[in-house]
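Me: I should like to study a protein chain through a series of questions and answers. Please show the sequence and the structure first.

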Amino acid sequence: LSSSSAASDVYKRQDTKSELNKTDEIQEPVAFNIIVLTPDKVEIQLQVSVLDGVQDIRMYLMDSAETCYITSYHLELDGKVINDFSELSEIEGLKEGSVFHIVEDVYDERNARLHVRRLREILALANSDPQNSPSLFSEFSKEEEEEVIK
């Protein structure tokens with residue numbers, strides 16, 4: 001009797017372990033598309049996964065020609081401010097086609113300094129490597145850029 005009781009306890013533990021293994025399995029992250037809407041109403045489509053963080057989106061926007069000059073902002077989804085340090089899996093209501101809005105913030109002294117630093121980085125990149133620069137001139141042809149410089 002005690003051996004059958006012990007055997008059933010072993011089966012119960014194995015069942016519990018198999019249930020745990022099912023939930024602990026690493027699932028392949030699913031990629032989906034989101035839209036980031038700039039203050040100028042330009043739509044930027046991004047492919048992300050739930051393992052990405054909000055900082056990853058901000059890094060992309062920092063390198064994008066459409067948004068590289070916007071440095072003091074926060075992101076909103078459905079009118080709610082998104083925490084910059086959260087992962088996308090933590091954001092309620094996030095789904096395929098969700099629209100994040102870039103909402104510009106007021107510049108304080110710290111953000112103004114960061115903005116000037118970023119502008120200098122953009123200008124330095126434009127001078128050193130114009131083909132791969134996220135500069136404001138990256139959308140102009142070489143002739144148009146020369147006209148602007150003159």
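Reply: In this predicted model, Asp78 lies in the loop between β3 (73–77) and β4. We may begin from that residue.

Me: Is Asp78 buried or exposed?

Reply: The relevant cut-off is that a residue is exposed when its relative accessible area is over 50%. Asp78 has a relative accessibility of 60%. Because this value passes the cut-off, Asp78 counts as exposed.

Me: What is the phi of Asp78?

Reply: Most residues other than glycine have a negative phi. Asp78 is a residue other than glycine, yet its phi is positive, with a value near 55°.

Me: Which residue in the loop between β1 and β2 takes a positive phi?

Reply: Strands β1 and β2 form a hairpin with five residues between the strands. One residue there is not a glycine but has a positive phi of about 70°. At 62% relative accessibility, that residue counts as exposed. Its place is in the loop between β1 and β2, and its name is Lys41.

Me: In what order do the elements of the protein chain run from the N terminus on?

Reply: The protein chain contains four helices and five strands. Read from the N terminus on, their order is α-β-β-α-β-β-β-α-α.

Me: In what order do the five strands stand in the open sheet?

Reply: Strands of a sheet pair through backbone hydrogen bonds, either parallel or antiparallel. In this open sheet the pairing is mixed. The order of the five strands is β2-β1-β5-β3-β4.

Me: Which strands stand at the edges of the sheet?

Reply: A strand at the edge has a single partner strand, so one side of it is left without a neighbour in the sheet. The strands in this position are β2 and β4 (80–81).

Me: How many bridges join β1 to β5?

Reply: Strand β1 (residues 31–37) pairs with β2 (residues 43–49) in the antiparallel sense, over seven bridges. With β5 (residues 99–104), by contrast, β1 runs parallel. The number of bridges that join β1 to β5 is three.

Me: What is the bridge partner of Val36 in β5?

Reply: Val36 has a bridge partner in β2, namely Ile44. Elsewhere in these pairings, Ala31 has Ser49 as its partner in β2, and Leu37 has His101 as its partner in β5. For Val36, the bridge partner in β5 is Phe100.

Me: How many of the seven residues of β1 are buried?

Reply: A residue is buried when its relative accessible area is under 20%. In the protein chain of 150 residues, buried residues make up 27%. Strand β1 is mostly covered, and the number of its seven residues that are buried is five.

Me: What distance separates the C-alpha atoms of Lys95 and Asn33?

Reply: Lys95 is found in the loop between β4 and β5, and it is exposed, with a relative accessible area of 53%. Along the chain, Lys95 and Asn33 are 62 residues apart. Their C-alpha atoms are separated by 8.3 Å.

Me: What is the volume of the largest pocket, and which residues are the closest to its centre?

Reply: Rolling a probe the size of a water molecule over the atoms shows where empty space is left. The largest pocket has a volume of about 420 Å³. It is lined by 18 residues, and the closest to its centre are Arg58, Met62, Thr71, Leu114 and Arg118.

Me: Which element supplies the largest share of the lining of the largest pocket?

Reply: The lining divides into seven nonpolar, five polar and six charged residues. Both α2 (54–63) and α3 (109–128) supply at least two residues of this lining. The largest share is six residues, and the element that supplies it is α3.

Me: At what distance from the ring centre of Tyr73 does Arg58 lie?

Reply: A search of the whole structure finds zero aromatic pairs. The ring of Tyr73 nevertheless has a charged residue, Arg58, over its face. The distance of Arg58 from the ring centre is 4.0 Å.

Note on methods
Residues numbered from 1 in each chain as written. Predicted model: local features only at pLDDT ≥ 70, side-chain atom pairs only at ≥ 80, totals over all residues. Heavy atoms only, no water. 1 Å grid on protein atoms, 1.4 Å probe; cavity = no way out; pocket = protein on both sides within 12 Å on 5 of 7 lines; lining within 4 Å. Points joined across faces, edges and corners; volume = space filled by probe spheres on them. Nonpolar A, V, L, I, M, F, W, Y, C, P; charged D, E, K, R; others polar. Buried < 20%, exposed > 50% of the residue type's maximum accessible area, 1.4 Å probe, protein only. Pairing = 2+ DSSP bridges. Phe/Tyr/Trp six-rings, centres within 6.5 Å; stacked < 30°, edge-to-face > 60°. Lys NZ or Arg CZ within 6 Å of the ring centre and 35° of its normal.
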